[in-house]
Amino acid sequence: MHSFWRQLAAPYLAVLAACGSVTLLAQTPRPPETAPAWLTGTTCYEIFVRSFQDSDGDGIGDLRGLIRRLDYLNDGDPRTTDDLGVRCLWLMPIAESPGYHGYDVQDYYAVERDYGTTADVRELVREARRRGIRVLVDMVINHTSREHPAFQAALRDTTSPYRRWYRFAPTRGPDNRWGGNGWHKSPVRDEWYYGFFWQGMPDLNYEQPDALAEMQRVATYWLTDIGVDGLRLDAVKFLVEDGAQVDDVPGTHRVLTAYGTHVRTVKPDAWTVGEVFDNSASVARYYGSQLDAYFAFEVADSLIAAAARGTAGGVLRSVIDLQGRVPWHRMAPFLRNHDQPRTATALGEDLGKARVAAGLLLTLPGVPFVYYGEELGARGPKPDEDIRTPMPWSTSGPHAGFSTGTPWRPLQRDSLRANVAVQQRDPTSLLALYRRLIRARGASAALAQGALHPLVAEDSALVTYARVHSGDQVLVLVNLGASPTRVSRLRGGDALRAGRYRVRSLADAGGPRTLRVRADGDLSADGGPLELRPFAVQVLQLIPLP
């Protein structure tokens, strides 16, 4: 390694050496089929720290700002109802990076300087835990930044041991199966290096053990030294390539098995969730003893499509398929994330449709994820920067309470409607619905862990199903349509036990006080048909009457 790059890499390599010398207590890894206890009833909330809350007026959200807003997410007091009630945070990348989004990591052992310090992260974890919130951090293991000291050393010195961490070739490699090509010309010599997403993000070479060993050391650092509770793994289907086949190759599954086992050994109650952008059948290949859970992209698309068209046909098909393959804690449903146009935008900014999409998401099996601002019905079209704009907190002061300085990105034009202060005072707001349903998931065994039993109503605009677990029964009825409707019969076998019930409404107000269920599927609510308003979300806990 040339002396300049040796000097540049020295601090990083010192941390690496120190982490490598840690001796871990021998532990038996938690089987992936067993859920960490803290997951039961949990809803996770995805945060882009840059856009959540600025504490120092530089226009960039930071960790101290996030700490200041923790009570909005969960104040730790189960008697209050004006917090969101989430029990888990997923932080998009917070490691040092030259890019605004953080997915090109320059130093895995340092905190992004725009966000704060290592001490700030540790305080965030402590304060979150005090409120009953667990913290997941985004872990980028497919690639590093080209500014990473190891890549710079490998680029400039062909004898560097870090050459093994990356893929170099004397000639440009083949196009991939989609017609693209991830090979990039070296700026230093007549050779090429591989980076699937971009020349600024060279892929790690998992055909050599060194890269995996380093990423395992990084996981150990964040789980044990920083104290986070789990990891969200980015773009895991692209970890290993085989010629033109750049995704889903056997080597990728071997890496994920080793990585998942390592995490469960280091911290038995940690949880890993991976990004595999594919249908449920393809995602099923990533279970076994690999990561704990994966985002349910096909489920997300089904929910958005059903809300958009206003009819129920096929909306539960992917959910039922996934439920038949894995237990609830290995499913991670969501509506939209930081790479996709927000729910409100996808639904033409129709808040009635956003409402029913939320009602479906938060009553499905699994551990649901909510992208920050979705609970307000915030808009967010492409490009990506406009899906990741600052959070609007208030109607007074500059920039809706996000910052006293000029925000890194302008707020959306709906920031005075999709606004915490405005919706906080309105019991019929989208925010109020999210709060009720997130709280209900934490209190109902059926919603937290129960199986989903599909039911069929006569009106095609109705999505109906039961969630049942250990004697707890919840009936979910969502009217996707803009017209009122009524329910007098549900077909679905014996999902709901026949009988007369006292009803506790967990979502929209104004539900029935009593409900009678007959063996033939007939329903009567307070002596008549069950009435549903347009875009109604009725989540009814059924308590048997003598």
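This report describes the overall build of one protein chain and then a small sheet within it.

The structure is a predicted model, and its protein chain contains 15 helices and 22 strands. A compact globule of 546 residues would have a radius of gyration near 24 Å, and because the protein chain has 24 Å, the value agrees with that expectation. Taken along the principal axes, the box filled by the C-alpha atoms of the protein chain is roughly 85 × 50 × 45 Å. Of the 546 residues, 60% count as buried, while the surface that the protein chain exposes comes to about 20,400 Å², with carbon and sulfur atoms supplying 51% of it. When contacts between residues at least 6 apart in sequence are considered, 69% of them join residues at least 24 apart. The charged side chains of the protein chain number 62 positive and 62 negative, and the centres of these two sets lie 5 Å apart.

One sheet can be followed strand by strand. It is an open sheet of three strands in the order E6-E8-E7, with antiparallel pairing. Strands E6 and E7 stand at the edges and have a single partner strand each, so one side of each is left without a neighbour in the sheet. E7 is joined to strand E8 by three bridges, and the two run antiparallel; Trp-183 stands opposite Tyr-194 in E8.

The residue ranges of the three strands are as follows.

| Strand | Residues |
|---|---|
| E6 | 168-169 |
| E7 | 183-185 |
| E8 | 192-194 |

Methods: Residues are numbered from 1 along each chain as its sequence is written. This is a predicted model: local features need pLDDT of at least 70, side-chain atom pairs count only at pLDDT 80 or more; totals for chains, interfaces and linings use all residues. Side-chain values use heavy atoms; hydrogens and water are left out. Helices (H or I, at least four residues) and strands (E, at least two) are DSSP runs, numbered from the N terminus. The radius of gyration is taken over C-alpha atoms; the globule rule is 2.2 Å times the number of residues to the power 0.38. Buried means under 20% relative accessible area, exposed over 50%, partly exposed in between (1.4 Å probe, protein chains only). Contact means heavy atoms within 4.5 Å. Accessible areas come from the Shrake-Rupley method with a 1.4 Å probe; for residues, only the protein chains shown count as cover. Lys and Arg count as positive and Asp and Glu as negative; His and the chain ends are not counted. The place of a charge is taken as NZ of Lys, CZ of Arg, CG of Asp or CD of Glu. Two strands pair if DSSP finds at least two bridges between them.
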